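Visitor: I would like to test the labels people attach to a model like the one below. Please take me through the reasoning behind each.

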Number of protein chains: 4
Amino acid sequence: MARVVVDVMLKPEILDPQGQAVQRALPRLGFEGIADVRQGKRFELEVEGSADELDDAALARIREMAETFLANTVIEDFTVRVEESEGATA
Amino acid sequence: MARVVVDVMLKPEILDPQGQAVQRALPRLGFEGIADVRQGKRFELEVEGSADELDDAALARIREMAETFLANTVIEDFTVRVEESEGATA
Amino acid sequence: MARVVVDVMLKPEILDPQGQAVQRALPRLGFEGIADVRQGKRFELEVEGSADELDDAALARIREMAETFLANTVIEDFTVRVEESEGATA
Amino acid sequence: MARVVVDVMLKPEILDPQGQAVQRALPRLGFEGIADVRQGKRFELEVEGSADELDDAALARIREMAETFLANTVIEDFTVRVEESEGATA
């Protein structure tokens, strides 16, 4: 089983008001030096087969899926990457 | 400016019903071979100073902040890691 | 078309750390008198047929769906209610 | 204590890809007749004082707060309404 991670974040030019509220709360809560906070989504997909078997065609399919069902590319950017699955210790 | 990423996911033993709905929708939508989908949150923090200056004490502070304000550790796991900021090309 | 709204909130005994961060930020941001903030999810379902046709059996089906795919009832509570659809002016 | 509910939904013209994935999954999962699913956020604010004391000025302040810290009005609509607090039985 391979793990593919899809990160979805609002585009940089689109305001994230809740992230901003958290950022502005931090100094009062005792945390200094954090200039910006943005919140997005992280999807973990468990894909059949090993990470080695995830060829370009399979990743292209996952990218297509992310573009269709996980991100709204008008307002969000996304990245797709393969991670070692937690149980995948050699 | 350094970027610190905090990923927050439901603990593995806690059901993610929406991820499950998406996973079960995929074959019908033409995407085979995805055994599980889980959705979590990704926070991107822009931290003052360079990544090199983020010492263990600073990271411990950020971990403490994540534990207090970003994740509910009764039901969620989180990880903290430093990433090169997008603009940080040499 | 009838609109059914499903509200999903963390159970009261489960901490909402981000809501808490926002709540603690508010006084500093100039908003006093807010004792608690909790964030949940709101689903709007457009259901075929008019609101009058949504009988108990249909609502029971939607409740079952919410319980299976929209809420994790171990950690979340949900409510289902029928709303007039926006376009449903007589 | 009065409860104020702020509902935040993506504007109708902005695609909700995850809601769409859930909607398209439903027939296969045995749920027919749901034409659209959209997911938004619901905030519950506990406000000091009784619901009766929530005058127009207080609500205007909360509306301003929602506009600044809970919703991004470029891509989201929001509504503010007063609800009886759960514990507010006479």
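Visitor: What hand does the crossing of helix 1 of chain B with helix 1 of chain D have?
Guide: The crossing is left-handed in this predicted model. In such a crossing the near helix is turned anticlockwise from the far one by less than a right angle.

Visitor: Why is helix 1 of chain B called oblique to helix 1 of chain D?
Guide: Look at the angle. Helix 1 (residues 17–25) of chain B and helix 1 (residues 17–25) of chain D cross at roughly 60°, and their axes come within 8 Å. Roughly parallel needs an angle under 35 degrees, and roughly perpendicular begins at 65. The angle of roughly 60° fits neither class, so the pair is oblique.

Visitor: Which residues make that contact?
Guide: A21(B), V22(B) and A25(B) meet A21(D), V22(D) and A25(D).

Visitor: How many residues of this contact of helix 1 of chain B with helix 1 of chain D are nonpolar, polar or charged?
Guide: Six are nonpolar, none is polar and none is charged. Ala and Val both count as nonpolar.

Visitor: What makes the relation of chain D to chain B that of a two-fold axis?
Guide: Two copies of a chain are related by a rotation about an axis and a shift along it. Here a turn of 180° and a shift of 0.0 Å along the axis lay chain D on chain B, with an RMSD of 0.0 Å. That is the relation of a two-fold axis.

Visitor: Which C-alpha of chain D is nearest the axis?
Guide: That of A25(D), 2.1 Å from the axis. A25(D) also belongs to the contact between the two helices.

Visitor: How do you know that the same surface serves both copies?
Guide: Compare the contact residues. In chain B, 100% of the contact residues of chain D recur.

Visitor: Now chain A and chain B. What rotation superposes chain A on chain B?
Guide: A rotation of 180°, with 0.0 Å of shift along its axis. The RMSD is 0.0 Å. K41(A) comes closest to the rotation axis among the residues of chain A, with its C-alpha at 2.2 Å. Again the same surface serves both copies, since 100% of the contact residues of chain A recur in chain B.

Visitor: In what order do the strands of the open sheet of chains A and B run?
Guide: The order is 3(A)-1(A)-2(A)-2(B)-1(B)-3(B). That is six strands, with antiparallel pairing.

Visitor: Why is one side of strand 3 of chain A left without a neighbour in the sheet?
Guide: Strand 3 (76–83) of chain A stands at an edge and has a single partner strand, so one side is left without a neighbour. Strand 3 (76–83) of chain B is placed likewise at an edge. Neighbouring strands of this sheet are turned by 25° against each other on average, direction ignored.

Visitor: How do you know that strand 1 of chain A pairs with strand 3 of chain A?
Guide: Count the bridges. Pairing takes at least two. Eight bridges join strand 1 (residues 2–10) of chain A to strand 3 of chain A, and the two run antiparallel. One bridge pairs R3(A) with E83(A).

Visitor: What lies across these strands?
Guide: Helix 2 (residues 56–70) of chain A does. It lies across strand 1, strand 2 (34–47) and strand 3 of chain A, together with strand 2 (34–47) of chain B. Its angle to strand 3 of chain A is about 145°.

Visitor: What is the strand order in the open sheet of chains C and D?
Guide: Six strands follow the order 3(C)-1(C)-2(C)-2(D)-1(D)-3(D), with antiparallel pairing. Strand 3 (76–83) of chain C and strand 3 (76–83) of chain D are the edge strands, each pairing on one side only. Seven bridges join strand 1 (residues 2–10) of chain C to strand 2 (residues 34–47) of chain C. V4(C) stands opposite L45(C).

Visitor: Why is helix 2 of chain B called roughly perpendicular to helix 1 of chain C?
Guide: They pack at about 95°, with their axes 7 Å apart. The class spans 65 to 115 degrees, so helix 2 of chain B is roughly perpendicular to helix 1 of chain C. T68(B), F69(B) and L70(B) meet P17(C), Q18(C), A21(C) and R24(C). By class, four residues are nonpolar, two polar and one charged.

Terms used. Residues numbered from 1 in each chain as written. Chains lettered and ligands numbered in written order. Predicted model: local features only at pLDDT ≥ 70, side-chain atom pairs only at ≥ 80, totals over all residues. Heavy atoms only, no water. Helix = DSSP H or I, 4+ residues; strand = E, 2+ residues; numbered from the N terminus. Axes fitted to C-alpha atoms, helices over the stretch in contact; angles between N-to-C directions. Contact = heavy atoms within 4.5 Å. Parallel < 35°, antiparallel > 145°, perpendicular 65-115°, else oblique. Least-squares fit on C-alpha atoms with pLDDT ≥ 70 in both.
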